[in-house]
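Please look over the model below before reading on. My notes follow as numbered points.

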Amino acid sequence: SHRGKSMRDVLLHISKRLKEEQEVIKEDLVAGKAKDHAAYQHACGVVRGLLIANNMLAEMAERLDHDE
């Protein structure tokens, strides 16, 4: 359906942005920008949260595929 297609496009766009954000945080960590262990742990938690959100988006996109 047309609506399903546009919704998938939205999900893909959000997924792309989440991945970009993950990369920024990972690059900062690799560059040693975490000022202490607590900041490092926080950044890891944020990346974990972004991964969870991305997995949810993938599941939603898969459901859209099956609904068509």
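**Notes on the model**

1. Start with the surface. This is a predicted model. The protein exposes about 5,300 Å². Carbon and sulfur atoms supply 58% of that area.

2. Next, the secondary structure. The protein has two helices. The count of strands is zero.

3. Now the overall form. The C-alpha atoms fill a box of roughly 50 × 15 × 10 Å, taken along the principal axes. The radius of gyration of the protein is 15 Å. For a compact globule of 68 residues, the value would be near 11 Å. Keep both numbers in view when you turn the model.

4. Then burial. How much of the protein is buried? Buried residues make up 21% of the 68 residues.

5. Contacts come next. Take the contacts between residues at least 6 apart in sequence. Of these, 77% join residues at least 24 apart.

6. On charge, the protein carries 11 positive and 12 negative charges. The mean positions of the two groups are 2 Å apart.

7. Finally, one residue to inspect. Ser15 lies in helix H1, which covers residues 2–30. Is Ser15 buried or exposed? Its relative accessibility is 12%, and buried means under 20%, so Ser15 counts as buried. Which residues does Ser15 touch, once its neighbours within four places in sequence are left aside? Ser15 is then in contact with Asn54 and Leu57. Find Ser15 in the model, then look for Asn54 and Leu57 beside this helix residue.

Note on methods. Residues numbered from 1 in each chain as written. Predicted model: local features only at pLDDT ≥ 70, side-chain atom pairs only at ≥ 80, totals over all residues. Heavy atoms only, no water. Helix = DSSP H or I, 4+ residues; strand = E, 2+ residues; numbered from the N terminus. Rg over C-alpha atoms; globule rule 2.2 N^0.38 Å. Buried < 20%, exposed > 50% of the residue type's maximum accessible area, 1.4 Å probe, protein only. Contact = heavy atoms within 4.5 Å. Areas by Shrake-Rupley, 256 points an atom, 1.4 Å probe, with all protein chains shown as cover. Lys, Arg positive; Asp, Glu negative; His and termini not counted. Charge placed at Lys NZ, Arg CZ, Asp CG, Glu CD.
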